[in-house]
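Let us walk through this structure together, one region at a time. Keep the sequence and the 3D view side by side as you read.

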Amino acid sequence: MILEGLLLDVDQAEEGFSSLVLYLKRGGRAEAVLDSSFEPSFYFTADDPRRAARLVSKVEVEERGETVRPKRVEVVGRKLLGREMEAVRVFLESPRHLTPLRHAIRELPGVREFYGFDLPLVRQYLIERGLVPLEGVRVEGEREEGVVRAFHPPQPGPEHPQELEVMSFDIEVYNPAGVPRSDRDPVIMISLAAPGGFRKVLTWKGVEGAPEFVEVVGSEKEMLERFVELVREREVDLLLGYNTDFFDFPYLRERARKLGVELGLGREGGGARTRRRKFATATKVPGRVHVDVYAMVSFLAAIGAIRLIHYTLEDVYRHVLGKEKPDFEMGGIARAWEEGGEELKHLLEYSLSDAQATLELGLAFLPLFRELTRLVGQTLFDVTRMTPGQLVEWLLIREAFGRGELVPPRPKGEEYGERMEETYAGAYVMEPKRGLHENLVAFDFRSLYPSIIVSHNIDPSTLNCDCCRPEETTVVPELGYRFCGKRKGFVPSILERLIERRAELKRELKRLKPGTPEYLELDSRQMALKIVSNSFYGMFGYARARWYSKECAESITSLGRYYIHQTIARAEREGMEVVYADTDGLYCKTGGKSREEILRFLEEVNRGLPGVMELELEGFYPRGVFITKKRYALRDEEGRLIVKGLEFVRRDWAAVAKRTQQEVLDAVLGEGSPKKAAEIIRRVVRELQEGKVRVEDLVIYTQLKMPIESYRAIGPHVVAAKKLRKKGYPVEPGTMIAYVEVKGPGSISDRATPVEDFDPERMEYDAGYYVEHQVLPAVMRIMEVLGYREEDLRSPGGEQTRLGKFF
DNA sequence: CCGATT
DNA sequence: AACGGCTAATCGG
């Protein structure tokens with residue numbers, strides 16, 4: 001039989017063996033396909049490849065009572081940084097033979113370097129078979145006991161669009177001790193939501209007048225079983241959760257073990273597998289794709305697509321979808337469960353809203369991650385958990401395979417240590433001309449670093465080539481490295497294609513109607529291309545990257561500095577005074593130039609730029625205030641305020657300071673009224689001194705970055721963390737410490753009190769600290785550069801405060 | 001007060 | 001677990 005469908009996921013069929021299961025979706029049903037014909041392999045280089053191959057074919061190693069030998073050895077033509085050469089390819093009977101064989105071969109004479117040995121089986125498989133998850137696949141095989149055995153290697157097939165069954169879930173845990181302990185505190189609710197209005201909260205305690213979505217079962221054990229049953233019944237393809245990698249799944253599995261329940265959530269009855277790693281704990285559910293929406297959010301935060309103070313489900317939901325969801329105080333969960341009644345009903349509602357919000361967010365992010373999956377060619381499960389650098393790397397590995405390039409290993413030990421030591425200069429940031437400026441125009445280079453890589457052919461293989469005449473190469477300013485002008489490098493050629501594809505998509509998008517499914521798909525695709533393109537530079541400078549190259553990284557930043565400097569000089573020559581510049585953009589005074597003259601200037605600059613490099617007009621700004629490097633605020637032509645680098649989005653500032661700064665900026669830049677600004681400042685100072693400011697507005701958040709003992713300088717958050725630990729809270733690297741400064745003797749650190757301990761009835765916050773160290777510094781930074789001094793803020797007849805120092 | 005740490 | 005540049009607060013000698 002021939003099966004064609006959508007490739008949902010690929011998984012190792014059995015730990016330590018090289019057969020794989022492909023899950024494909026067709027006609028609304030999922031099918032498991034077994035492929036036992038894949039031969040994992042790795043490569044090595046040698047002084048004499050033929051001799052080395054002969055030696056290797058005779059290698060035998062004893063490993064746990066098993067005799068391990070290569071399945072097959074071949075001498076093959078490959079490339080190393082673009083140079084043709086011969087390598088030895090060693091095929092394996094089983095992936096578990098890889099390490100013993102590699103270690104044995106390492107001891108043979110004339111053996112040099114190893115390649116492509118640190119690629120997980122599933123990822124190597126997808127690349128070598130040319131298969132791309134969430135695209136079509138074609139299989140010839142035979143059905144045997146529920147699974148299809150493939151006769152031939154599965155191949156890429158025609159597009160095969162399929163509706164995927166999505167469901168989100170969330171658990172609630174009984175937590176009388178504050179922190180839930182999985183060995184004794186039961187899961188009390190599991191809520192579920194799916195598109196089309198499916199919603200359900202499973203629980204094992206009834207309550208009078210419970211909402212219609214509640215299903216009461218007999219016990220925690222029955223609840224887990226019912227959860228499994230529902231996932232299976234609904235034929236779930238994508239199982240969404242929020243922070244489920246780190247919390248819900250590990251907790252559920254621990255409870256299931258305790259209660260003796262089989263958590264057979266997978267297709268074919270397979271159990272969920274949790275892989276615990278320091279940075280990469282994740283749970284895989286066979287035959288379905290478990291997507292942790294929190295991982296998606298972390299990714300979007302890492303690339304700067306969303307920027308929040310906290311990444312809780314509530315905050316992300318509010319920011320991304322603009323909607324509120326019910327909140328429930330963590331400490332109230334145990335009480336609601338014990339006492340029942342109205343509180344328990346609220347908890348049920350809250351639990352459902354978590355699943356519902358997770359579903360909505362997951363569906364909102366899915367189009368982008370689907371396109372990243374198709375671009376990079378690894379599974380959705382993996383791609384949703386990758387960093388931007390890993391996406392680039394897996395794209396490059398796939399491309400390398402296609403071109404016969406050997407894949408360098410990830411650096412370990414000494415090599416990694418050496419790379420960590422290497423530093424290099426980054427971007428240029430101009431000291432701003434402080435103060436208020438009017439009639440500004442902003443220019444910026446479109447995708448500066450990607451366009452430098454492509455236009456100057458920056459690649460490890462083109463560095464200091466010996467094939468070019470001087471006039472054909474790029475000579476990097478300051479550094480003197482040369483990049484080849486004849487042969488296109490590995491990285492630039494790939495990046496060039498990505499940029500071209502994105503430009504095409506953007507042209508197509510102009511013809512489509514926003515909001516249509518087709519528009520959304522193409523828009524997500526161009527976004528995926530942008531994200532990956534923008535991560536190439538960082539990869540060159542990343543010590544753990546396979547294609548790491550300090551020379552390439554520093555050449556890119558050096559050329560970047562060169563171009564921004566050139567542009568600044570040119571603008572100045574044209575009579576446009578530059579007030580500020582950072583990396584790839586600059587703000588100039590229009591100097592009386594008309595829009596047409598400015599466009600003409602732009603055109604002239606662009607005529608002189610190589611390749612795909614382009615300077616763009618970013619916009620006109622009637623007013624702007626520049627405070628320091630990276631800190632400024634602008635008002636655009638529509639009157640909107642644009643603020644960069646100020647305290648707003650920092651969690652280590654109290655909300656009261658951030659809010660006051662925003663209000664002052666609005667008053668000064670928006671309304672041009674320092675008088676109003678002064679009023680605002682006086683009001684807030686008074687409220688602080690009268691003890692009227694709410695605790696939430698005084699909390700300062702700082703993340704603990706190391707174990708408490710490692711701190712040499714004991715800052716406020718470290719002291720607060722110590723107080724927390726004394727009370728029995730788990731305090732470890734990564735914990736967010738929320739503290740309030742209270743009145744009393746001692747240093748600022750001594751008086752930092754965890755919010756949990758701050759009782760407004762018995763304690764007084766340190767109004768003086770919040771006035772002098774939070775609110776005033778934040779607002780005076782703005783007022784000062786605008787030329788206002790303290791006395792300017794004192795309006796005639798204005799009320800006197802006790803702060804003579806500032807007013 | 002100033003360099004180091006965060 | 002992508003880069004470097006940068007500001008600012010606070011510690012601690």
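**A guided walk through the model**

Our starting point is Ser 549, which sits in the loop between helix H16 (536-540) and helix H17 (550-573). Helices here are DSSP runs of H or I with at least four residues, strands are runs of E with at least two, and both are numbered from the N terminus. Before we go on, note that this is a predicted model, in which local features need pLDDT of at least 70 and side-chain atom pairs count only at pLDDT 80 or more, while totals for chains, interfaces and linings use all residues. Residues are numbered from 1 along each chain as its sequence is written, chains are lettered from A and ligands numbered from 1 in the order in which they are written, and side-chain values use heavy atoms, with hydrogens and water left out.

Back to our loop: is Ser 549 buried or exposed? Ser 549 is buried, with a relative accessible area of 6%. Buried means under 20% relative accessible area, exposed means over 50%, and partly exposed lies in between, using a 1.4 Å probe and protein chains only. Leaving aside residues up to four places away in sequence, Ser 549 touches Pro 460 and Phe 540; a contact like this means heavy atoms within 4.5 Å.

Next, look at the nonpolar interior. In soluble globular proteins, nonpolar side chains tend to be buried together. A nonpolar core is a set of buried Ala, Val, Leu, Ile, Met, Phe, Trp, Tyr and Cys residues joined through side-chain atoms within 4.5 Å. The largest one in this model has 104 residues, and those with the most contacts inside it are Phe 443 and Phe 536. Helix H9 (residues 341-376) gives the most to this core, with 11 residues. A second, separate core of 52 residues includes Ala 667, Ala 677, Tyr 770 and Ala 778. Returning to Phe 536, you can find its neighbours in the 3D view: among them are Val 392, Leu 395, Ile 453 and Leu 498, when residues up to four places away in sequence are not counted.

Now for a sheet. Six strands form an open sheet in the order E16-E15-E14-E13-E17-E20, with mixed pairing. Two strands pair if DSSP finds at least two bridges between them. Strand E16 (214-216) and strand E20 (289-292) are the edges, each pairing on one side only. From one strand to the next, the twist averages 25 degrees. H9, the helix we met in the core, packs on this sheet, touching E13, E14, strand E15 (198-203), E16 and strand E17 (238-241), and its direction makes about 40 degrees with that of E14. Such angles run from 0 to 180 degrees between N-to-C directions, with axes fitted to C-alpha atoms, for helices over the stretch in contact.

Inside the sheet, strand E13 (residues 166-173) and strand E14 (residues 187-194) pair in the antiparallel sense over 6 bridges. Val 187 in E14 is the bridge partner of Val 173. The loop between E13 and E14 holds Asp 185, which is buried, with a relative accessible area of 2%. Asp 185 touches residues including Val 173, Tyr 174, Tyr 251 and Arg 255, again not counting residues up to four places away in sequence.

Another strand worth finding is E30 (residues 736-741), which is mostly covered: 5 of its 6 residues are buried. Strand E29 (residues 700-703) pairs with E30 in the antiparallel sense over 4 bridges, and E30 also pairs with strand E31 (residues 752-754) in the antiparallel sense, over 3 bridges.

Finally, turn to the DNA. Which residues are the closest to DNA strand C? They are Gly 426, Tyr 542, Ile 714, Ser 749 and Tyr 769, out of 29 residues that surround the strand. A residue is near a strand if one of its heavy atoms lies within 4 Å of it. Helix H22 (767-785) and H16 each supply at least two residues of this nearby surface, and H22 gives the most, with 4 residues. Of the DNA strand C atoms within 4 Å of the protein, 81% belong to sugar or phosphate and the rest to bases. An N or O atom in the side chain of Ser 749 is 2.3 Å from a phosphate oxygen of DNA strand C, and a polar side-chain atom of His 773 lies 3.0 Å from a phosphate oxygen of that strand. Gly 426 uses its backbone instead: an N or O atom there lies 2.8 Å from a sugar or linking oxygen of DNA strand C.

Definitions and conventions. Polar contact = N/O pair within 3.5 Å; in protein donor to acceptor, adjacent residues only side chain to side chain.
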